[in-house]
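Here are a few quick notes on the salt bridges, for when you next have the model open. Have a look at the structure first, then read on.

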Amino acid sequence: MVGGVPLAAKAAAAVLVAACVTFMLVPLAVVVASSFSASEFLVFPPRGFSLRWYEEILGSREYTGAAWTSLRLAAVVTALSLLIGTAVAIALVRGRIPGTRTLVALFLSPLVLPTIIFGIGLLMVFSHYGDGPSFTALAVGHVVVTLPYVVRTVAAVLEGADPSVEEAARTMGANAWQRYWHVVIPQCRAGMLAGAFFAFNISFDEAVIALFLRVPGSETLPLTIYSKLEFSPDPSVAAASSVLIGLTVLLVVLMERALGIQSLTR
Amino acid sequence: MSRRESWLLLTPGLALLVLAFFFPVAHLLVRSVVAGDLGGEWTLTGEHYARFFVDGYYLSVVERTLRLSLIITVACVLFGFPIAYLMVHGGPRLRFWLIVVTILPLMTSVVVRTFGWLVILGRGGLLATVLDGLGLAGRSFTLMHTETGIVLAMVQVLLPFMALTVAGVMHGIDPRLGEAARTMGCGFFGVLRHVVVPLSIPGIVSGSLLVFALSISSFITPGLVGGVRLPVLASSIYQQVLGTLDWPFAAAQSVLLLLAAFAVIAPYAALVRRRDLAA
Amino acid sequence: MAHIELVGLEKRFGEARALAGVSLDIEEGVLAAILGPSGCGKTTLLRVVAGLERPGAGRVRVAGEDITDLAPERRGLGMMFQSYALLPHMTVAENLRFPLRMQRLGDRRQQAEKVDWALELVQLGGMASRYPRQLSGGQQQRVALARALIAGPRVLLLDEPLSNLDAQLRKDMQLELIELHRQLRLTTLLVTHDQEEALSLADVVVLMRAGGVEQTGTPRAIYEQPATPFAAEFLGAANLLEVDARPAEGGGWRVTLAPGVSLPVSAPADPRAGKRTLMLRQEDMVVMAGPVAGGVEAELGTVAFQGATCRAVVRLAGHRLRVVAPSAALAGLESGRRVYLEWPEGRALLL
């Protein structure tokens, strides 16, 4: 809208933007600032500057082990979620199944249910019918919560693609495999990429299900940080948290490069 | 695509959903109304629910949970709406940075963000230092273990959901509508009031539902900021599951949490549906 | 009702120049059609008049008052958008009442009466409590028109008002718009890319091209006396031939189409001799099977039957001419045969 935005509105917008940037980013900034502290304790403003807490977490089996667990978990979850979710999205968009609307709602329902309830349910089921919490149990839980993201992003991209290209491929003699490999999957690619970013990010950062399905001795990184926060936070927690923030920044930058971040508001 | 092919693609996802999602939730529901051992002797009972309602402690926990969630939701609407407006109508640079500012925290682990708030709100933290510098409060000032602290931290965690949801709906509003209103004698604020706000209501409603549902069920942030003295329903459930190991009682509380969420969401959603049908 | 004056309007969008110095004078009560291909700046011009775009330079005056710096809501204009821009959350009656509410015109009762009047005007009596999406395209179009009119604007701005209607409805609505204009006599700017619509609706046609005004005039004048090849081509398909033109003995002019083929034409306004463009309208040419005095010999190419008329290609001295002729005149003539072309005196125009 051109012209005629009153000065009052512009001033209010400027104040709002400044407040919003501060409010949203300061909690992350203080974590990063604290991680460079030279002192033994978490104080603010941090005293001195050192990288000792980064050295500390790199040398700590607890942190490196947790990071490795998180990385493995996120990789497995992303792969599985992508595979299953893409298949589901293709079937929902291109398939001719009665009750597609219901199925869509069904596949998106893990987004709606509070994670705490799902987490407890999983814990109870794995304890009752299996050997209790395990890496596998946690991976299954994460695939369930990341699946809706993959389904949604892939379905959205596929809906915008031309279905007649598939039919054209058939008239040119492509069999099912060729059709998927050369036509359908390439059409889904942008959605799969976005879905993979979300799945990896959610699985790597998730703490609720991880808390209920924790395996003592091989916790994920967010959970290790959480346990420290509950008892004795020192600047090493800040260093570990900063690593998580750095990873998120990296993912956001990659996402922006690959897809353009503006697409997220649409 | 043949029907067989469709079902083939759908089966792994459907199996996962049924076995690993609906089944655990159903199991939890059953647990909440059963006494005894599920594998052996068991009877139906309402005792887990009864325990909850006779104890004034739990009712006060519910009251706090609902009250805080409501405040958080309202705050998210008040701040999220103008942010969404700027995300959609601001210049390209402003838009880009607003999206970064909301996406980055959104994609950062809740644990990390809450940690940030502990550093800010704690005794001798950033807030105390700033207020001390301004001469408004001493260095020992703290918002830790206060409801204000919980609300502050939760709003930061949940604001992106609101802003992005509302922005999504606002994107779909035809800019010509605002222009048309201008030519008909409507000023900038008039366009906001008569065009942008009414047409953004679906976004505000779904954003509120999302924020409310998330805040009613979160316990990491309220637990770490509020501490044990200000328990919310979800942290009480967490205590039951991992602390006292009273799973049937935890299951009953979980069901009540769900019901509370539905109790708020259902009339809201019905209202929206009626609006949609009317328009 | 008011006289519109536009003086030296300019508008840039980044590198692109949407308006490159547009000046126009539209008399009170005139319906002016701004005509041009897409991207010529016609919609930008309308939006500048409405105040939705701020011009880089130039002035906009309505009834002598300079409104260039006035916000759109203070201009007292009525605008109808191509997409209609009906507020989806308001009923037809609420949409119609909206401008009255915003401009605080009359009390509730008077506003209700005005809404009834507007509904009557566009024959939508029973639709008051419907929502826009429950209306057909034609009905939505009428609501949008009524809404642009209801507050008694000084000037009516119509942005492609009929482009979203199907062909038959468009024809009917053209007649209704003419009727409405006769009745209300509002100074009106109508933007369109459809030359037929411009010619049939407007008192004055303003032809735009690449951000500038190519030609202004009554529909008849602009059709029959196009000033440039672009004007000739845009207002009804014309044949444009590169010819050699010079004055002939005895007052008239002659054009040479090819060595040995020359024809008389009426004297042009611009008396330059030499290479010129000759315009021949498709429908002005008469195709005959046998030779006639003053006719030119040509070869008939492809003929496409389209009902009452046929389209045909005729080859004349190395030029390819498009012709539209009554089907009866071409009956029985197969392509490849020799035909004779003739056109009325004064319909071959040197540009």
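Is C:Glu65 buried, partly exposed or exposed, going by its relative accessible area?

1. C:Glu65 comes out as partly exposed, with a relative accessible area of 36%. Keep in mind that this is a predicted model. The carboxylate of C:Glu65 pairs with C:Arg154 in a salt bridge, with 2.9 Å between the closest N and O atoms. This pair ties together distant parts of the chain, 89 residues apart: C:Glu65 belongs to strand β5 (residues 65–66) of chain C, while C:Arg154 sits in the loop between α4 (137–149) and β7 (155–159). C:Arg154 has a relative accessible area of 22%, so it counts as partly exposed too.

2. Next, there's a network to check. A:Arg94, A:Glu166, A:Arg179 and B:Glu5 are joined into one by salt bridges that share partners.

3. Over in chain B, B:Glu63 and B:Arg67 make a salt bridge, and their closest N and O atoms are 2.9 Å apart. Both residues are in helix α3 (residues 56–89), spaced 4 residues apart, or about one turn of the helix. B:Glu63 is partly exposed at 42% relative accessible area, and B:Arg67 is partly exposed as well, at 31%.

4. In chain A, have a look at A:Arg214, whose side chain meets that of A:Glu219 in a salt bridge (3.4 Å, N to O). A:Arg214 is partly exposed, with 26% relative accessible area.

5. For the overall tally, searching the whole structure turns up 24 salt bridges over all chains.

Notes:
Residues numbered from 1 in each chain as written. Chains lettered and ligands numbered in written order. Predicted model: local features only at pLDDT ≥ 70, side-chain atom pairs only at ≥ 80, totals over all residues. Heavy atoms only, no water. Salt bridge = Lys/Arg side-chain N within 4 Å of Asp/Glu carboxyl O. Buried < 20%, exposed > 50% of the residue type's maximum accessible area, 1.4 Å probe, protein only. Helix = DSSP H or I, 4+ residues; strand = E, 2+ residues; numbered from the N terminus.
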